[in-house]
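Subject: Structure handover

Hi,

Here is the structure I promised you. Please open it alongside this email and follow the residues as you read.

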Amino acid sequence: NHNEDIHLICVSEAGGFTIVNEAGEDGQGRGLLLYNGQTVCDDGFSDNSATAICRHIGYDGFDSWTNDYLFDIQDNLEIGLDDVVCSAGSWHSCTYTTSDNCDHNEDIHLICVSEAGGFTIVNEAGEDGQGRGLLLYNGQTVCDDYCKRSRRRWSR
């Protein structure tokens, strides 16, 4: 009975970092990288930095990152983090400064990814729901039997 299918909205709460879309809303792991509401400059940024930040905010890693002025909202934001240098894929391996010598064409845009082991979330069209929509396991819907509803997480 599909009235017991699980629909999810996944969010990440992680130490000052967020990723927003061009409207400044939750980008579901894809878009402009912010630290405490301010942009992150590309000085020192590397694949290790991208991996560390994506892992820090709850993803398994990253697909890609770039630096550029891509969203109009960047003009309205301060640059809050610079010289992000990570020696490994963990935030604990990183150093950074909160002063900058950057322009917004150096802001980081990041795409984080999760390896969900058979789980996917799809929208009404059956496409990637980017963390919002119907929960599938290996292409099949997931029943809510034995699940407890919680604002923060589903648990068994």
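Below are notes on the disulfides, two polar residues and the aromatic pairs.

Please keep in mind that this is a predicted model.

**Disulfides**

The structure contains three disulfides. Count the bonded cysteines along the chain and the pattern reads 1-5, 2-6, 3-4.

Start with Cys41 and Cys102. Their sulfur atoms sit 1.9 Å apart. The S-S torsion is about -95°, so this disulfide is left-handed. Cys41 is in the loop between strand S4 (38–40) and helix H1 (47–56), while Cys102 is in the loop between strand S7 (94–97) and strand S8 (108–113). The bond therefore ties together parts that are 61 residues apart in sequence. Cys41 and Cys102 are both buried.

Next comes Cys54 with Cys112, where the sulfur atoms are 2.0 Å apart. Here the torsion about the S-S bond is about -80°, so this disulfide is left-handed. Cys54 belongs to helix H1 and Cys112 to strand S8, so the pair ties together parts 58 residues apart in sequence. Both cysteines, Cys54 and Cys112, are buried.

That leaves Cys86 and Cys94. Their sulfur atoms lie 2.0 Å apart. Which hand does the disulfide of Cys86 and Cys94 have? Its S-S torsion is about 105°, so it is right-handed. Cys86 is buried, as is Cys94.

**Gln74 and His104**

Look at Gln74 in the loop between strand S5 (61–67) and strand S6 (79–86). Is Gln74 buried or exposed? Its relative accessibility is 0%, so it counts as buried. A polar atom of the Gln74 side chain lies 2.9 Å from the backbone nitrogen of Leu70. Leaving aside residues up to four places away in sequence, Gln74 touches Leu32, Asp68, Tyr69, His104, Asp107 and His109.

One of those contacts, His104, deserves its own look. His104 sits in the loop between S7 and S8. With a relative accessible area of 15%, His104 is buried. What does the side chain of His104 reach at 3.0 Å? The partner is the backbone oxygen of Leu77. Again leaving aside residues up to four places away in sequence, His104 has contacts that include Thr39, Asp68, Tyr69, Gln74 and Ile79. Asp68 and Tyr69 thus appear among the contacts of Gln74 and among those of His104.

**Aromatic pairs**

How many aromatic pairs does a search of the whole structure find? There are five. Two of them are described here.

In Tyr35 and Tyr96, the ring centres are 6.2 Å apart and the planes meet at 55°, so the pair is tilted. Tyr35 is in strand S3 (residues 30–35) and Tyr96 is in strand S7, so the rings tie together parts 61 residues apart in sequence. Tyr35 counts as buried at 15% relative accessibility. Tyr96 has a relative accessible area of 36% and is partly exposed.

In Phe45 and Trp65, the ring centres are 4.9 Å apart and the planes are at 70°, so the pair is edge-to-face. Phe45 is in the loop between S4 and H1, and Trp65 is in strand S5, so this pair ties together parts 20 residues apart in sequence. Phe45 counts as buried at 7% relative accessibility. Trp65 is partly exposed at 27%.

Last, a cluster: ring pairs link Phe17, Tyr35, Trp91 and Tyr96.

Best wishes

Note on methods. Residues are numbered from 1 along each chain as its sequence is written. This is a predicted model: local features need pLDDT of at least 70, side-chain atom pairs count only at pLDDT 80 or more; totals for chains, interfaces and linings use all residues. Side-chain values use heavy atoms; hydrogens and water are left out. Helices (H or I, at least four residues) and strands (E, at least two) are DSSP runs, numbered from the N terminus. Buried means under 20% relative accessible area, exposed over 50%, partly exposed in between (1.4 Å probe, protein chains only). A polar contact is a pair of N or O atoms within 3.5 Å; within protein, one must be able to donate a hydrogen and the other to accept it, and residues adjacent in sequence count only if both atoms are side-chain atoms. Contact means heavy atoms within 4.5 Å. A disulfide is a pair of cysteine sulfur atoms within 2.5 Å. Rings of Phe, Tyr and Trp (its six-membered ring) pair if their centres lie within 6.5 Å; planes under 30 degrees apart count as stacked, over 60 as edge-to-face and the rest as tilted.
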